[in-house]
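Trainee: I'd like a close look at one part of this model, namely a ring pair and what surrounds it. Could you start there and work outwards?

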Amino acid sequence: LIFACAKAGESERAEIWFNRMHSLGLKANSFTYNGVMAGCARAGKLDRAEKWWNRTRDAGVEVTNATYHNVIMAAVRAGAQARAEGWLRRAKKEGAQMQASTYCAAIVTLCKVGHAEHAEQWFARLKIEGHQADGATYNSLIALYSSKGDGERAEKWFDEMVRAGLQARCHTFNLLAEAWKNAGQPERAGKWLQT
């Protein structure tokens, strides 16, 4: 039930079920704590996620990569870029091995809310760590610049995607056409619709 509530972004209900489990004398493990934190992350409740991070550590439960992932994503979704970066630094300092999925999820989330500069900063970190972005991450960057009518930047991310060996889909070409349409250059949009 904790995980179902977390998946629905209902962090308060996840906490209620956690506390009920605890009151019955059942021992929580890192998966259980991470389940509650995932609900906080999905809802963008950074203060709650940090509370649960501390509660995990105070209970002597192992802090895992997923624990850091959840608190970082709560910070990103809450729009607290500096705190997200602080948690990323802390994770690395404490030896956590952040996966590409954390960076990609942060990039996609930042793109959805229009934070181009921060999304590109997270992409740079992803590359520095030696990770590869997935197609959804590239498409999110292309969509971001498409919505801004910045065809040059949208094409730059398309080129990066191709260099990374990823296959563009019909959706990608539509985003590129839309970027140029939004830029007021329908002739350049037409090039992508013919691809």
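Are Phe 18 and Trp 52 buried or exposed?

Mentor: Both Phe 18 and Trp 52 are buried (under 20% relative accessible area; over 50% is exposed and in between is partly exposed, with a 1.4 Å probe and protein chains only). Before we go on, bear in mind that this is a predicted model, where local features need pLDDT of at least 70 and side-chain atom pairs count only at pLDDT 80 or more, while totals for chains, interfaces and linings use all residues. Residues are numbered from 1 along each chain as its sequence is written, and side-chain values use heavy atoms, with hydrogens and water left out.

Now the rings. The count of aromatic pairs comes to 13 (rings of Phe, Tyr and Trp, the last by its six-membered ring, with centres within 6.5 Å; planes under 30 degrees apart are stacked, over 60 edge-to-face, the rest tilted). Phe 18 and Trp 52 make one of these pairs, an edge-to-face one, with 4.7 Å from centre to centre and 80° between the planes. Phe 18 belongs to helix H2 (residues 11–23) and Trp 52 to helix H4 (residues 46–58), so the pair ties together parts that are 34 residues apart in sequence. Helices here are DSSP runs of H or I with at least four residues, strands are E runs of at least two, and numbering starts from the N terminus. Tyr 33 joins Phe 18 and Trp 52 in one aromatic cluster.

Rings also turn up with charges over them (NZ of Lys or CZ of Arg within 6 Å of the ring centre and within 35 degrees of the ring normal). Arg 20 has its charged end over the ring of Trp 17, 4.5 Å from the centre of that ring. Lys 156 does likewise with Trp 157, lying over the face at 3.6 Å from the ring centre.

Trp 157 leads us to Leu 141, which sits in helix H9 (residues 135–147). Leu 141 has a relative accessible area of 0%, so it is buried. Once its neighbours within four places in sequence are set aside, Leu 141 is in contact (heavy atoms within 4.5 Å) with Ile 107, Cys 111, Ala 119, Glu 120, Phe 123 and Trp 157. From Leu 141 to Ala 116 is 25 residues in sequence, and their C-alpha atoms are 7.8 Å apart.

Compare that with Lys 112, in helix H7 (residues 100–112). Lys 112 has 71% relative accessibility, so it counts as exposed. Its C-alpha atom is 35 Å from that of Ala 59, which is 53 residues away along the chain.

Asn 70 is worth a stop too. It lies in helix H5, and its relative accessible area is 9%, so it is buried. Leaving out neighbours within four places in sequence, Asn 70 is in contact with Asn 34, Met 37, Ala 38 and Ala 41.

Zooming out, the chain has 12 helices and zero strands, so to speak a one-letter story: α-α-α-α-α-α-α-α-α-α-α-α along the sequence. Its C-alpha trace spans about 65 × 30 × 25 Å along the principal axes. Of the 195 residues in the chain, 47% are buried, Phe 18 and Trp 52 among them. As for contacts with a separation of 6 or more, 61% are between residues 24 or more positions apart.
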